[in-house]
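Please open the model in a viewer and keep the sequence at hand. The tour below proceeds by selection, with a short account of what each selection contains.

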Amino acid sequence: MNQGFKKVKGFRDIWGKDIPYWNLIEHKIFKLLKNYNYEEVKLPVLEKIEVFKKGLGDSSDIVEKEMFSFIDKDGCRLALRPEGTASVVRFFIENNLYNENKIHKFYYYGPMFRREKPQKGRFRQFFQAGVEAIGSRSPLLDAEVIKLISDFFEQFSNMINYNIEINSVGCLDCRKVYINELNKYLETRKFHLCENCINKIKLNPLRVFDCKNDRCKEILKNAPNIMDYYCPSCKMHFDDLLQNLELYNVSYKINPRLVRGLDYYTNTAFEVISDFAGAPIAIGAGGRYDGLIKNMGGPDIAGIGFAIGIDRLVDLLKECGMYTEKEFLVFVIYQRSEFIKHAVELAQNLRQGGIPTSIDYDMVSIKSQFKMANKLNVDYAVVIGEDELNFEYYTLKNMTSGEQVKIEKNNLLSYLKRNMEGKIVNIVR
Ligand code: HAM
C-alpha cells in the first residue's frame, strides 16, 4: 500500500497522455496572441489581498468565500491570485504605464487558485490564458477582443460545440436604475426564491441570474430586462459593438441575462459556453471594466479582456477523443555493457541533430532493453553490437513494423529526420 504523500484536494498533477493537449492549446493561443500584437506579462501568483478585494469587489463569491489567503510572518495579508485582471491592473498602475499614451495589450498564462467545491470542470488550481487591452473605450476594441477569442475557439470548432454569448451590463449609472427595478421585482417574490438568491438580493442582485434552481429560474423569466434600462451612451456602445461584430464576421448570441461573477464589469460582457456532460459550462469569459483602473488607484482609463479556462478545454477535447499524434522517439540499445560509451555518444549526436532519443543505463540484457523500448512506444531502436562498432553501419529496427535494416552510420541522422518529419502532425511548440 502506498503510504506516501497525497496531493491537496482540488489540485492536480498534469502529465502523460494529457500533455499533448496542453501543448497543442498553448501553441495555438501563443501564436494567435502574437498575431493580434499582445505582449506577455508574467505576473506573481501571490498578491496583497487588497488587490483582489478592491479589484473584484467584496460581494463577489471569489472574495467572499473562494480565496486562498493567509497572514504572512510580517503581518501582511496575502492571497494566491484567483484571476489575472486585478493583477494586471496593479502591475499597470505600479509601473506608471498610463504615462505612455497608447493602447496596452497584455497577455498572461498560468495557474489561478479558487477554493471552490471541486467537481467536473472545477478545480482549485486551474490555468487561464488571459488578455487585457487597456486604454480605449472604442467598441471596435471590444469587437476585436471578442474576435480574438472567437478565432481561438474556431480552431477547435470541428471538435467541440460552443456559443459566444454577449450582453451589456450597462454603466454604473444605468445599472443602478436597473438594479432598483430588479430589487422591486425580487422583493415581491422573495418567499419563492431559494436562500442563496435571497442573500444575493442584499449583496449583488444581478447574480440571481446565475441560480440553477428551477423555481428561481421560472420566477426570473419575467424579471425586468437590463436592455430596457441602458442610458443613451450605453445603448450606442452596445449597438456599435454588435455592428462591429458583423464586420468581423463573429457568430454570437445575445443573452440579456448574462451577468458576470466579478464586480468590475461595465458595458460589454461575454462568455463562451460549451456543453460538458450535458451541462453548460463557460470555457472562456470576459468583458469591459472601465472603472477598475481608477478604482484601484490609477487614472480614469478603460480596459477590456477575457480569460480562457485551459483545464476545461483540455477535458472537452479529451472527451471528444481528439486525435493527437505521439511524439517521435528513438531508443539506443547496446548489446554489451562495454558498448555503453558508444551508445551514449550516439544518443547525444542524435539529440544534437534534433532527434528525440532515449537510452537506459541500468539494463543488462538486450532483451530487457527492447522491452523498455516497447514500453516507451518508441518509433525506432538503433542497436550497437560488435559488428556495428567494427563496420560503418548501424542496425535500425522499426518498432511498429518489426522491419530491421542496416544503415550507413553517416546516413542515420538524415534517415531518422525524414521519418520524423513525416510523423509529427500537430504537436509542435
Ligand atoms: P472568470 O469567468 O472568473 O473570469 O474565469 C474565466 C474562465 O476561467 C472561465 O470561463 C472558466 O473557463 C475558467 N475557470 C474559472 N474558474 C475555474 C475553476 N475553478 N476551474 C476550472 N476553470 C475555471 C475571469 O477570471 C476574468 N479575469 C476574465 C477577464 C479578463 N475579464 C476581463 N479580463
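A polar contact is here a pair of N or O atoms within 3.5 Å; within protein, one must be able to donate a hydrogen and the other to accept it, and residues adjacent in sequence count only if both atoms are side-chain atoms. The model is predicted, so local features need pLDDT of at least 70 and side-chain atom pairs count only at pLDDT 80 or more, while totals for chains, interfaces and linings use all residues. Residues are numbered from 1 along each chain as its sequence is written, and side-chain values use heavy atoms, with hydrogens and water left out.

**First selection: the ligand.** Begin with Gly305, where a polar backbone atom is 3.5 Å from a nitrogen atom of the ligand. Add Arg312, which places a polar side-chain atom 3.4 Å from a ligand nitrogen. At Glu132, an N or O atom of the side chain is 2.8 Å from a nitrogen atom of the ligand. The protein covers 96% of the 660 Å² of accessible area that the ligand has on its own (Shrake-Rupley method, 1.4 Å probe).

**Second selection: the shell.** Select the residues with a heavy atom within 4 Å of the ligand. There are 27 of them, the closest being Glu83, Glu116, Arg260, Tyr265 and Ala282. By class, 12 are nonpolar, eight polar and seven charged (Ala, Val, Leu, Ile, Met, Phe, Trp, Tyr, Cys and Pro count as nonpolar; Asp, Glu, Lys and Arg as charged; the others, Gly among them, as polar). Strands β6 (125-134), β10 (279-288) and β11 (303-309) each supply at least two shell residues, and β10 gives the most, with six. Strands are DSSP runs of E of at least two residues, and helices are runs of H or I of at least four, numbered from the N terminus.

**Third selection: Tyr109.** This residue belongs to strand β5 (residues 104-113). Which residues is Tyr109 in contact with, leaving aside its neighbours within four places in sequence? They are Trp22, Glu26, Phe30, Phe127, Gln128, Ala129 and Ile310, contact meaning heavy atoms within 4.5 Å. The side chains of Tyr109 and Glu26 are joined by a polar contact of 2.5 Å.

**Fourth selection: α2 and α4.** In α2, Val51, Phe52, Gly55 and Leu56 meet Ala86, Ser87 and Arg90 of α4. The residues of this contact divide into four nonpolar, two polar and one charged.
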